[in-house]
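Please look over the sequence and the model shown here before reading the report that follows. The notes move from the whole chain to one helix, and then to a few individual residues.

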Amino acid sequence: MKKKLTALMMVMMLLFGSTGAELFAKNSGKKKGAATGAAVGALLGQVFGKNTKATVVGAAVGAVIGTGVGAVSDKKKNNTTTKKTTVQKTTAQKTTV
């Protein structure tokens, strides 16, 4: 059990160490959610299932859920940005007339 968990943690550190900076620099909620969900799902799968199959299933389910949460976050962020842009354009038009 300890050897599997240690190996899993090492793989995750390698994965996040090599792609984490790029992944999070782009500021995409879907990508952040998928990565975080997969990591949490894999850990929970290993803890509760105590086998590789449970770890893989946990990672897959976590990634799907995380992507959904990230998509909602992106949608909210885009709506806020769109509203701000519209208000700025409307204000600029009123002041130039």
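## Basis of the description

Helices here are DSSP runs of H or I with at least four residues, numbered from the N terminus, and these runs set the boundaries used below. The model is predicted, and every value given in this report was computed from it.

## The chain as a whole

The secondary structure of the protein chain comes to 3 helices and 0 strands, and read from the N terminus the elements follow the order α-α-α. Of the contacts with a separation of 6 or more, 65% are made by residues that lie 24 or more positions apart.

The protein chain has 97 residues, of which 21% count as buried. Its accessible surface amounts to about 7,200 Å², and carbon and sulfur atoms contribute 70% of that area.

## Helix α2

Helix α2 covers residues 29-49, and because a helix is expected to span 1.5 Å a residue, its 21 residues should extend over 30 Å; the C-alpha atoms at its ends are 28 Å apart, which agrees with that expectation. The buried residues of this helix are G29, G33, A35, G37, A39, G41, A42, G45 and Q46.

Other positions are open to the surface: V40, L44, V47 and F48 together form a nonpolar surface patch with about 390 Å² of accessible area. F48, which belongs to helix α2, has a relative accessible area of 67%, and it is classed as exposed because that value is over the 50% cut-off.

## The turn out of α2

Just after α2, K50 takes a positive phi of about 60°, and it does so although it is not a glycine. This deserves a second look in the model, because most residues other than glycine have a negative phi. K50 sits in the loop between α2 and α3, the latter covering residues 52-96, and with a relative accessible area of 51% K50 is exposed.

## Contacts of T55

What is the surrounding of T55, and is T55 buried or exposed? T55 is found in helix α3, and its relative accessible area of 9% lies under the 20% cut-off, so T55 counts as buried. Leaving aside residues up to four places away in sequence, T55 touches L8, G41, A42, G45 and Q46; G41, A42, G45 and Q46 are also among the buried residues of α2.

Two polar approaches involve the side chain of T55. In one of them, this side chain makes a polar contact with the side chain of Q46 at 2.5 Å, and in the other it reaches the backbone oxygen of N51 at 3.0 Å.

## Pairs distant in sequence

T36 has its place in helix α2, where it is partly exposed with a relative accessible area of 43%. T36 and T67 are separated by 31 residues in sequence, while their C-alpha atoms are 9.1 Å apart in space.

V72, found in helix α3, is likewise described as partly exposed, at 46% relative accessibility. V72 and K30 are 42 residues apart in sequence, and the distance between them, C-alpha to C-alpha, is 8.4 Å.

Key
Residues are numbered from 1 along each chain as its sequence is written. This is a predicted model: local features need pLDDT of at least 70, side-chain atom pairs count only at pLDDT 80 or more; totals for chains, interfaces and linings use all residues. Side-chain values use heavy atoms; hydrogens and water are left out. Helices (H or I, at least four residues) and strands (E, at least two) are DSSP runs, numbered from the N terminus. The expected span of a helix is 1.5 Å times one less than its number of residues. Buried means under 20% relative accessible area, exposed over 50%, partly exposed in between (1.4 Å probe, protein chains only). Patches are made of residues with over 30% relative accessible area and no salt bridge: like charges are joined within 9 Å, nonpolar side chains (Val, Leu, Ile, Met, Phe, Trp, Tyr) within 5 Å. Accessible areas come from the Shrake-Rupley method with a 1.4 Å probe; for residues, only the protein chains shown count as cover. A salt bridge is a side-chain nitrogen of Lys or Arg within 4 Å of a carboxyl oxygen of Asp or Glu. Contact means heavy atoms within 4.5 Å. A polar contact is a pair of N or O atoms within 3.5 Å; within protein, one must be able to donate a hydrogen and the other to accept it, and residues adjacent in sequence count only if both atoms are side-chain atoms.
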